[in-house]
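User: I would like to go through this model in short questions and answers. Please define each term when it comes up.

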Amino acid sequence: MKTDSDLKAIVAYLKKQHVLSMSVGDAQSLWCANCFYALNEAEMTLYMLTDHGTRHGTLLAQYRHVAGTISDQTITVSLIKGVQYSGEMTVLSGPQADEARKLYTSRFPLAKIASTPIWQLRLDEIKFTNNKLGFGTKLSWVREAGNTPERI
């Protein structure tokens, strides 16, 4: 069962991290990519830059559903923390892109010089494993029907 404290813990973890791994494709063509991201906590979305010409960018033009992970790198089992997620990617334009880019570049100032398209990952489901809370502890969050921001 999800709780507000689960969501708070998930958001706190997402704020501390900065790189996600994303898988995209269909049964015949799968590809993974790592991307820097910025969190929009209010909408439970992540923003990232990626070019349309990349292999994952080309696949995203056809298949918007993605799954991936965000994780710490530790060798100590009792310290393992990480997120598995699924969601939908959208390339942004106009005022939405401007607002997203502002948030992204506040986290990664060097990106101000990039003209790369900015994408939004609408997080639909998250499972957060946190062994610091006890081995195998899982916290979860699922976007409720009707809990989709207007602009998506």
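User: Over how many bridges do strand 7 and strand 8 pair?
Analyst: Strands are DSSP runs of E with at least two residues, helices are runs of H or I with at least four, and both are numbered from the N terminus. Two strands pair if DSSP finds at least two bridges between them. Strand 7 and strand 8 do so in the antiparallel sense, and the bridge count is 5.

User: Which pLDDT must side-chain atom pairs have to count here?
Analyst: Residue numbers start from 1 along each chain as its sequence is written, and side-chain values use heavy atoms, with hydrogens and water left out. The model is predicted, so totals for chains, interfaces and linings use all residues, local features need pLDDT of at least 70, and side-chain atom pairs need pLDDT 80 or more.

User: Which residue of strand 8 does Phe128 stand opposite, and is that residue on the covered or the uncovered face?
Analyst: Strand 8 has an uncovered face made of Lys138, Ser140 and Val142. Its covered face holds Leu139 and Trp141. The residue opposite Phe128 is Leu139, so by the burial rule (buried under 20% relative accessible area, exposed over 50%, partly exposed in between, 1.4 Å probe, protein chains only) the answer is the covered face, with Leu139.

User: Which residues of strand 1 point to the buried face?
Analyst: Side chains alternate along strand 1, residues 19-25. Val19, Ser21, Ser23 and Gly25 point to the face that is not buried. The buried face has Leu20, Met22 and Val24.

User: Which residue in strand 5 stands opposite Ser21?
Analyst: Strand 1 pairs with strand 2 (residues 30-36) in the antiparallel sense over 7 bridges, and a hairpin of 4 residues joins the two. On that side, Val19 stands opposite Phe36. Strand 1 also pairs with strand 5, again antiparallel, over 4 bridges. There, Ser21 stands opposite Thr69.

User: Which residues touch the most other members of the largest nonpolar core?
Analyst: A nonpolar core is a set of buried Ala, Val, Leu, Ile, Met, Phe, Trp, Tyr and Cys residues joined through side-chain atoms within 4.5 Å. The largest one has 28 residues, and the best-connected are Leu14, Leu20, Met22 and Tyr85. Strand 7 (residues 118-130) gives the most to this core, with 5 residues. A separate core of 10 residues includes Ala38, Leu49, Leu92 and Ile118, but the names asked for are Leu14, Leu20, Met22 and Tyr85.

User: Which residues of strand 1 does Tyr85 touch?
Analyst: Contact means heavy atoms within 4.5 Å. Setting aside residues up to four places away in sequence, the partners of Tyr85 include Val66, Ile70, Leu121 and Ile126. Strand 1 covers residues 19-25, and from it Tyr85 touches Leu20, Ser21 and Met22.

User: Which residues make the nonpolar surface patch?
Analyst: Patches take residues with over 30% relative accessible area and no salt bridge; like charges are joined within 9 Å, nonpolar side chains (Val, Leu, Ile, Met, Phe, Trp, Tyr) within 5 Å. Phe135 is exposed at 70%, while Ile80 is partly exposed at 34%. The area, about 310 Å², comes from the Shrake-Rupley method with a 1.4 Å probe, and for residues only the protein chains shown count as cover. The makers are Val77, Ile80 and Phe135.

User: What separates the C-alpha atoms of Ile80 and Gly136?
Analyst: Ile80 sits in the loop between strand 5 (65-71) and strand 6 (81-91). Its contacts beyond four places in sequence are Thr74, Thr129, Asn130, Asn131 and Lys132. Ile80 and Gly136 are 56 residues apart along the chain, and their C-alpha separation is 9.1 Å.

User: Is Met44 buried or exposed?
Analyst: Met44 lies in the loop between strand 3 (38-40) and strand 4 (45-49). Its phi is positive, about 50°, although Met44 is not a glycine. The relative accessible area is 5%, so Met44 is buried.

User: How many residues apart in sequence are the parts that Lys15 and Glu41 tie together?
Analyst: A salt bridge is a side-chain nitrogen of Lys or Arg within 4 Å of a carboxyl oxygen of Asp or Glu. Lys15 and Glu41 form one at 2.9 Å, N to O. Lys15 is in helix 1 (residues 4-16) and Glu41 in the loop between strand 3 and strand 4, so the separation is 26 residues.

User: Which residues do salt bridges with shared partners join into one network?
Analyst: Glu88 and Arg64 meet at 2.4 Å, N to O. Arg122 and Asp124 meet at 2.7 Å, and both are buried. Shared partners join Arg64, Glu88, Arg122, Asp124 and Arg143.
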